[in-house]
Amino acid sequence: MTALRQRRVGKGTEAAEDQPSEETNVKPDGKIPSGPRGGKLWNILSITIGGIVAISLGLLTSVYVATLHENDLWFSNIKEVEREISFRTECGLYYSYYKQMIQAASIQQGLHGLVYDNKTESVRTINILERMNVYQEVFLSILYRILPIQQYLEPVYFYIYTLFGLQAVYVIALYVTSWLLSGTWLSGVLAACWYITNRVDTTRVEFTIPLRENWALPFFAVQIAAITFLLRTHLQPVQERLTLVAVFIATFLFSLAWQFNQFMMLIQALALFILDSLDMLPTAKVTWLYIIQISGLLLVCVLQFFNSMILGSLLISFNVSVLIAKTIQKNLKKGGLLNRLGTLILHVLLVLCLTFLINKFIKKILNLESDEHIFKFLKAKFGFGATRDFDANLYLCEEAFGLLPLNTFSRLSSTLLFYIYGFVLFLLTVAAVIVAFRNLSGSNQVQLKKKMEEYTVTLKPDAAYSLAHTVLFGCLALSTMRMKYLWTSHMCVFASFGLCSAEVWKLVLKCLHLHTSHRTQVIKYSIPIITLLYISYKFWPGIMDELSELREFYDPDTVELMNWIKSNTPNTAVFAGSMQLLAGVKLCTGRTLTNHPHYEDKHLRERTKQIYQIYAKRSPSDVYRILRSFGTDYVILEDSICYERRHSRGCRLRDLLDVANGHIMDGLGENEPDLKPSSYPRFCEEIKKNLPSFTMHFTRVFQNKTFHVYKLAKHK
């Protein structure tokens, strides 16, 4: 449907400079023998240079992705309707609320339209601010209205430039995290360069701009940087309090921006729980982090008009359970190895049982079913029984929710990132096992401490957290490809930290009996610089070629459809069709929808399954009755769905509907024994024959190579 093609007319664009910064002769953590005053000046100079490099790399990344977006679509030259169509699927839905706020007569009227929305779901009034995470669109639209920039900057550019600007925040946060872990800003440079050169696997912001994760992940990276600083030893009380405030603000903004925040922070809470149980993090700080997660999520819950999905989240149940279990079991960290293991097992079981009971209780009280499709999907994905559930299979059949493809690792390896990441991961995992065993054994023998010293120094609390974070999010990415961006960005941080860490190289050299302080320092700087030079040599020409390649947006069928809808249908018309297409219909035309891609509502999921009967084997009278029950005036049929070939048999939308309806699937292949042939042919195919049984209910009013629009008769 949507395509990119080579431009017929060249147009000059400024290429973003993305070359890794040249290394300076300043060593960020170097020491000079000129007394305390000289050392202080050196630190100030180092921090200043490191900060300038961080900001420069962040801005370069922002310009780079903005240039790629312009070059791919020729965004500055295409019509407004084409710009809006380029915001595909749910991206278009989210952007439509920004557009709605901009076009409202006043801010108050715009907010009222979101709180009492009757155009997103026909014959139903919903609160958009409760159902969806669109506060960022609200804030940005208000900012655009009050700033004196309307004459100089179009609303769409204000929106996309904000998202590209957040990429600068993202890269700076990754840079700072790596710097804090390793002690040298050279590590931050390497992390930023890896993020850029592995762009295909670290971000998709340039072609899915309004996606919720593109708003949320920069704040998540800031939160991780703040947690990394918080876990450092010997912080002053004022530093600790300010860092906790920073963690809270970043956690709150992350939670406000993405509906999947609770699941990401649950993984983070699991990492904290594991490390705290193994005495690898300071308990008081971990407790504060649990409280911050709960309070940040509850504040979002209040802003989202007490969204029940947040109140019933596993994260709140888990964190409350951990805090209760800590109160009940006060002697968790006393005794020998066997005693500690037994206590720890009881503690884990207590936390799990409490989490299950609290979560069940909350969901029972609130009658919460908004997230049940996620658990059905997870149950089916990990082999806990086959399912015919339409919603679960809809996710299972999407490539984005499948396993991480193997070619991801070959791409990551081409920049040396995956090789170095694996090397550092192996070393720190071995160190973590040894340190955990020592902590659980409770040994205080001086000789053992000396023997383990080399492992202890490489696994400070901040490094231990980074290790647990990358392992757990790595497991998430391996199981679900869409979540790889949470892992690969931190992979850049983790690998660069290990490559630039004196403690890691000290451990390696001691194992090889080659350790000297001078040799450690030389390797610590020389290996990263050589790596940076290799990356620059290998990837700089490709980046320049990429920036010089000019294409343009090309989707004439969808443009024709949107223009027809705006010109030939009343503003109050209700449209039915696929979720993805209807998001574009709302954005481009402002018409009322029957369904949309924001799937976190049970009523909407049931409604979508009913609307999708237009692609099933159902009688025309059944389909007409279903569509009219949702107030439908027009239905849009897509050949790309009706005759779908993108998915294999069993995963085509029509197959999912057939199985859910108890009908055998089309084509050669096996069917489950209890499935039966349908009494009716497929609706989307048969309607094109203009048979009397169809024409009495449906009249074709628009057709092109991709879309067929039918108007529903209004029978008394």
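Here are some worked exercises on a predicted model.

**Exercise 1. Work out how helices H12 and H13 run relative to each other, and which residues meet where they touch.**

Step 1. Let's start with the general idea: two packed helices are described by the angle between their axes and the distance between those axes.

Step 2. Now find the two helices: H12 covers residues 261–277, and H13 covers residues 283–303. Their axes come within 10 Å and cross at roughly 165°.

Step 3. Angles over 145 degrees count as roughly antiparallel. H12 and H13 are therefore roughly antiparallel to each other. As for handedness, their crossing is left-handed.

Step 4. Next, look at who meets whom. From H12 come Asn261, Gln262, Met265, Gln268, Ala269, Leu272, Phe273 and Asp276. On the H13 side you'll find Thr283, Val286, Leu289, Tyr290, Gln293 and Leu297.

Step 5. Sort the residues of this contact by type, and you get eight nonpolar, five polar and one charged.

**Exercise 2. Find the disulfides, and say for each one which way it twists and what it ties together.**

Step 1. How many disulfides does a search of the whole structure find? The search turns up two.

Step 2. Take Cys397 and Cys651, which are joined with an S to S distance of 2.1 Å. The torsion about their S-S bond is about -75°, so this disulfide is left-handed.

Step 3. Where do these two cysteines sit? Cys397 is in the loop between helix H18 (390–396) and helix H19 (407–414), while Cys651 is in the loop between helix H30 (639–642) and helix H31 (653–660), so the pair ties together parts that are 254 residues apart in sequence.

Step 4. Move on to Cys642 and Cys684, whose sulfur atoms are 2.0 Å apart in a disulfide. Here the angle about the S-S bond is 80°, and the link is right-handed. Cys642 belongs to helix H30 and Cys684 to helix H32 (residues 683–686), so to speak two distant parts of the chain, 42 residues apart.

Step 5. Count the bonded cysteines along the chain, and the disulfides follow the pattern 1-3, 2-4.

**Exercise 3. Decide for each of these cysteines whether it is buried or partly exposed: Cys397, Cys651, Cys642, Cys684, Cys91 and Cys353.**

Step 1. You need one cut-off: buried means under 20% relative accessible area, and exposed means over 50%, with partly exposed in between.

Step 2. Cys397 has 12%, so this one is buried. Its partner Cys651 has 22%, so that one is partly exposed.

Step 3. Cys642 is at 1%, so it counts as buried. Cys684 is also at 1%, so it counts as buried too.

Step 4. Cys91 is in no disulfide, and the nearest cysteine sulfur, that of Cys588, is 13 Å away. At 4%, Cys91 is buried. Cys353, with 46%, is partly exposed.

**Exercise 4. Describe the surroundings of Asn393, then look at helix H24.**

Step 1. Asn393 lies in helix H18. Its relative accessible area is 14%, so Asn393 is buried.

Step 2. Which residues does Asn393 contact, leaving aside neighbours within four places in sequence? They are Thr387, Arg388 and Leu656.

Step 3. Turn to H24, residues 502–511: Ala502, Val504, Trp505, Leu507, Val508 and Leu509 are buried there. After H24 comes His513, which has a positive phi, near 60°.

How values were computed: Residues numbered from 1 in each chain as written. Predicted model: local features only at pLDDT ≥ 70, side-chain atom pairs only at ≥ 80, totals over all residues. Heavy atoms only, no water. Axes fitted to C-alpha atoms, helices over the stretch in contact; angles between N-to-C directions. Helix = DSSP H or I, 4+ residues; strand = E, 2+ residues; numbered from the N terminus. Parallel < 35°, antiparallel > 145°, perpendicular 65-115°, else oblique. Left-handed = near helix turned anticlockwise from the far one by under 90°. Contact = heavy atoms within 4.5 Å. Nonpolar A, V, L, I, M, F, W, Y, C, P; charged D, E, K, R; others polar. Disulfide = S-S within 2.5 Å. Buried < 20%, exposed > 50% of the residue type's maximum accessible area, 1.4 Å probe, protein only.
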